[in-house]
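Biologist: Could you walk me through this model and tell me how each label was reached?

Modeller: Gladly; let us look at the structure together.

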2 protein chains.
Amino acid sequence: MSVQPQRAARPTLEDVAERAGVSRATASRVLNSSPRVSPEAHEAVTAAVLELGYTPNHAARSLVTRRTDAVAVVFSEPEPKIFDDPHFGQLIRAAARALSSADVQMVLMLVHSPDDQARAERFLAGGHVDGALLFAPHKGDQLPSIARKLPLPVVYAGRPWGPLRGLHLVDNDNIGGSVLATEHLMSLGRKRIVSVTGTVDEFSSIDRVEGWRTAVGADEAMTELMTESGNFNRDGGKLAMAALLKRVPDLDAVFVASDLMAAGALDALREAGRRVPEDVAVVGFDDHPLIAPHTEPPLTTIKQDANEQVAHMVAHLLRLLRDEPVRARREVLPTILVRRQST
Amino acid sequence: MSVQPQRAARPTLEDVAERAGVSRATASRVLNSSPRVSPEAHEAVTAAVLELGYTPNHAARSLVTRRTDAVAVVFSEPEPKIFDDPHFGQLIRAAARALSSADVQMVLMLVHSPDDQARAERFLAGGHVDGALLFAPHKGDQLPSIARKLPLPVVYAGRPWGPLRGLHLVDNDNIGGSVLATEHLMSLGRKRIVSVTGTVDEFSSIDRVEGWRTAVGADEAMTELMTESGNFNRDGGKLAMAALLKRVPDLDAVFVASDLMAAGALDALREAGRRVPEDVAVVGFDDHPLIAPHTEPPLTTIKQDANEQVAHMVAHLLRLLRDEPVRARREVLPTILVRRQST
């Protein structure tokens with residue numbers, strides 16, 4: 001069996017005018033809410049619009065107003081990361097909520113490859129959205145520099161690589177949070193504090209190493225010895241913790257740069273027979289609601305509020321779209337210590 | 001401090017023509033790949049386009065070609081479900097992959113409320129996408145009937161409510177899979193087979209009850225006694241299993257209409273001191289890679305392949321977009337039994 005697809009013919013303004021028994025100009029005036037129409041014409045045109053299922057051509061209208069009432073939310077991340085790390089679900093949910101309450105359509109785009117990037121650029125440049133929120137933290141990613149040239153306002157999540165001049169961004173205080181985490185461990189009398197770090201190609205990760213380094217006063221050699229990357233995933237956190245236990249057998253505390261990696265680090269500590277917090281105190285980063293309260297033991301961590309960051313990004317972008325002044329191009333949101341049983 | 005936002009002025013065709021030292025008409029001919037241009041003009045215009053970072057106005061172009069090379073993927077679901085049920089992550093990942101390899105931009109849209117629905121309709125009708133994949137399974141959802149009137153091809157996931165005539169859809173064989181699950185339990189000699197069901201407002205759920213009902217030969221009273229809804233979430237699965245244990249204490253098997261609910265049902269059985277599979281055999285539905293192999297014990301289940309369904313939906317839509325014939329408007333994909341230790 002072969003079925004030919006049928007495309008519904010789109011009703012035109014002419015169709016509406018004919019059905020309403022008015023001129024095209026009158027129909028157009030009704031649709032553009034012009035005051036110069038009789039109540040009869042208004043009623044006839046409105047009825048015709050409903051009968052025909054007419055929708056005004058927004059592509060044509062956007063040529064005039066340049067408004068689509070849609071905002072792109074773009075994640076430029078390797079595919080496994082975006083689907084396996086629950087942090088992204090949180091960000092997407094927060095963006096959906098914030099844009100929905102501003103009556104703006106969220107258009108979510110995922111960019112995993114150079115081909116995806118070129119395609120995303122075409123769409124973003126194509127007049128289909130009024131602005132964009134860009135999550136593109138990785139070194140070497142061309143999207144931030146492509147985004148600078150787009151004819152629409154963009155608000156970045158965190159610091160992208162490349163020149164920052166002129167960019168609008170909302171960051172979390174990663175350095176401050178990591179200092180807080182490490183000083184908390186020091187205040188508990190811990191002397192050998194190691195760190196499981198993220199990936200070296202993201203500023204959020206680099207800043208968290210920097211916070212630990214500053215707090216413990218580590219030089220390069222000590223940093224090399226006492227830190228290990230867990231690649232921001234759970235298995236990586238476990239492997240990194242195991243490596244640190246071998247290299248620094250007398251460690252008594254660890255600052256882990258994400259809750260997901262901290263869950264893996266707790267597995268490694270358990271397998272090595274180290275008690276938490278008695279033998280090793282553990283602090284994570286994120287305060288992810290699906291992870292931190294549910295680890296064994298529940299995780300002391302640094303809260304960075306995904307909802308808050310995204311809400312600020314949306315508010316910032318909406319001000320740009322309305323040509324309203326913003327207080328500062330760059331916003332840095334505070335991070336706080338949330339204490340549970342792992343310290 | 002107050003920073004005035006700067007919008008990059010979008011270079012126009014006039015700017016390109018001026019920079020290239022040619023007329024607007026010549027610049028336009030170059031950009032539209034017309035053969036009637038000199039090599040010199042071609043080179044000058046191309047150089048000007050690169051220098052100015054000019055991008056043709058796709059909104060204007062789409063008025064002519066009606067092509068955006070973008071496809072909307074729309075999920076109309078309550079918010080908690082889409083973020084807490086890993087099945088959606090699978091579907092989104094599969095759609096991203098399939099559209100990316102067809103060089104089509106995925107535009108992901110989430111619809112949670114009537115306001116979201118009106119906004120999504122405006123965007124979909126606005127000429128920003130060439131077609132749509134629609135996941136809107138719930139009774140009472142207006143989106144499927146709205147989508148029927150859109151001036152673009154739509155492929156539905158599963159059977160939506162309302163008249164099916166003329167719709168293009170890709171479904172999974174929910175009835176066949178549930179018969180398979182129940183007959184598998186019967187072949188193991190189980191006599192009292194209950195079922196934890198999904199929500200009554202989705203055909204996938206209704207079909208799974210129907211498969212169980214047919215296989216065990218239940219009348220209405222028996223169906224009332226031996227089934228309980230777990231609302232397609234983990235806690236619901238646990239509560240439903242506990243209720244069934246009270247109502248049918250001699251039950252020896254359960255068919256659970258999703259893996260996530262089955263994980264909850266296993267918790268309830270463990271708490272009630274029933275061994276799986278010795279006392280109670282359990283079959284799930286989905287074969288979700290993050291759940292089924294990792295439950296305790298690993299879950300026998302019915303595999304519905306999210307990748308396969310989405311790949312078929314994308315292929316179907318691409319044929320419609322190219323005005324190519326499709327074999328059938330409605331495709332039903334097979335489901336198979338995957339045996340693990342819970343039976």
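**Reading the labels on a predicted model**

Modeller: Let us begin at the start of helix 12 of chain A, where a side-chain oxygen of N233(A) comes to within 3.4 Å of the backbone nitrogen of D235(A). Please keep in mind that this model is predicted.

Biologist: What makes the approach of N233(A) to the backbone nitrogen of D235(A) a polar contact?

Modeller: An oxygen and a nitrogen are involved, and they lie within 3.4 Å. The cut-off for such a pair is 3.5 Å, so the pair fits the rule.

Biologist: How do you know that the length of helix 12 of chain A agrees with what is expected?

Modeller: The helix has 14 residues, and 20 Å separate its first C-alpha from its last. At 1.5 Å a residue, 20 Å is also the expected value.

Biologist: Which residues of helix 12 of chain A are buried, and what do they pack against?

Modeller: The buried ones are G236(A), G237(A), A240(A), M241(A), L244(A) and L245(A). They pack against strand 6, helix 11, strand 7, strand 8 and helix 13 of chain A. A general point helps here: an α-helix has 3.6 residues a turn, so residues three or four places apart point the same way.

Biologist: Just before that helix there is a loop. Is N231(A) buried, exposed or partly exposed, and why is it called that?

Modeller: N231(A) is called partly exposed because its relative accessible area is 44%, and that label covers values between 20% and 50%. N231(A) sits in the loop between strand 7 and helix 12 of chain A. Its phi is near 55 degrees, a positive value in a residue other than glycine.

Biologist: Which residue of chain B has a positive phi although it is not a glycine?

Modeller: That is D286(B), with a phi of about 135 degrees. D286(B) lies in strand 9 of chain B. It has a relative accessible area of 11%, so it is buried, the limit being under 20%.

Biologist: What makes S258(B) count as buried?

Modeller: Its relative accessibility is 4%, so S258(B) counts as buried. S258(B) is placed in the loop between strand 8 and helix 13 of chain B. Leaving out residues up to four places away in sequence, S258(B) touches F232(B), F285(B) and the D286(B) we just met. The side chain of S258(B) also reaches the backbone nitrogen of M261(B) at 3.2 Å.

Biologist: Let us stay in chain B. How do you know that the span of helix 10 of chain B agrees with its number of residues?

Modeller: Its 14 residues should span 20 Å at 1.5 Å a residue, and the end C-alpha atoms are 20 Å apart, so the two agree. Several of its residues are buried, among them F203(B), D207(B) and W212(B). What covers the buried residues includes helix 9, strand 6 and helix 11 of chain B. After the helix comes G217(B), whose phi is positive, near 70 degrees.

Biologist: Now back to chain A. What makes the meeting of D207(A) and R159(A) a salt bridge?

Modeller: Their side chains meet at 2.9 Å, N to O. The rule asks for a nitrogen of Lys or Arg within 4 Å of a carboxyl oxygen of Asp or Glu, so this pair qualifies. Between domain 2 and domain 3 of chain A the rule finds one salt bridge. The count of residue pairs in polar contact between these domains is eight.

Biologist: How much area is buried between domain 2 of chain A and domain 3 of chain A?

Modeller: About 1,400 Å², with carbon and sulfur atoms giving 49%. In domain 2 of chain A, R159(A), W161(A) and D173(A) lose the most area to domain 3, together 36% of what that side buries.

Biologist: What is F203(A) in contact with, leaving aside its neighbours within four places in sequence?

Modeller: F203(A) is in contact with R159(A), P160(A) and W161(A). F203(A) belongs to helix 10 of chain A. F203(A) and P137(A) are 66 residues apart in sequence, while their C-alpha atoms are 7.1 Å apart in space.

Biologist: Last one: what makes the peptide bond from V276(A) to P277(A) worth naming?

Modeller: That bond is cis, with omega near 10 degrees. P277(A) is placed in the loop between helix 13 and strand 9 of chain A. A cis peptide bond also joins E296(A) and P297(A), with omega about -5 degrees.

Note on methods
Residues are numbered from 1 along each chain as its sequence is written. Chains are lettered from A and ligands numbered from 1 in the order in which they are written. This is a predicted model: local features need pLDDT of at least 70, side-chain atom pairs count only at pLDDT 80 or more; totals for chains, interfaces and linings use all residues. Side-chain values use heavy atoms; hydrogens and water are left out. Helices (H or I, at least four residues) and strands (E, at least two) are DSSP runs, numbered from the N terminus. The expected span of a helix is 1.5 Å times one less than its number of residues. Buried means under 20% relative accessible area, exposed over 50%, partly exposed in between (1.4 Å probe, protein chains only). Contact means heavy atoms within 4.5 Å. Buried area is the accessible area (1.4 Å probe) that two parts lose on being put together, summed over both. A polar contact is a pair of N or O atoms within 3.5 Å; within protein, one must be able to donate a hydrogen and the other to accept it, and residues adjacent in sequence count only if both atoms are side-chain atoms.
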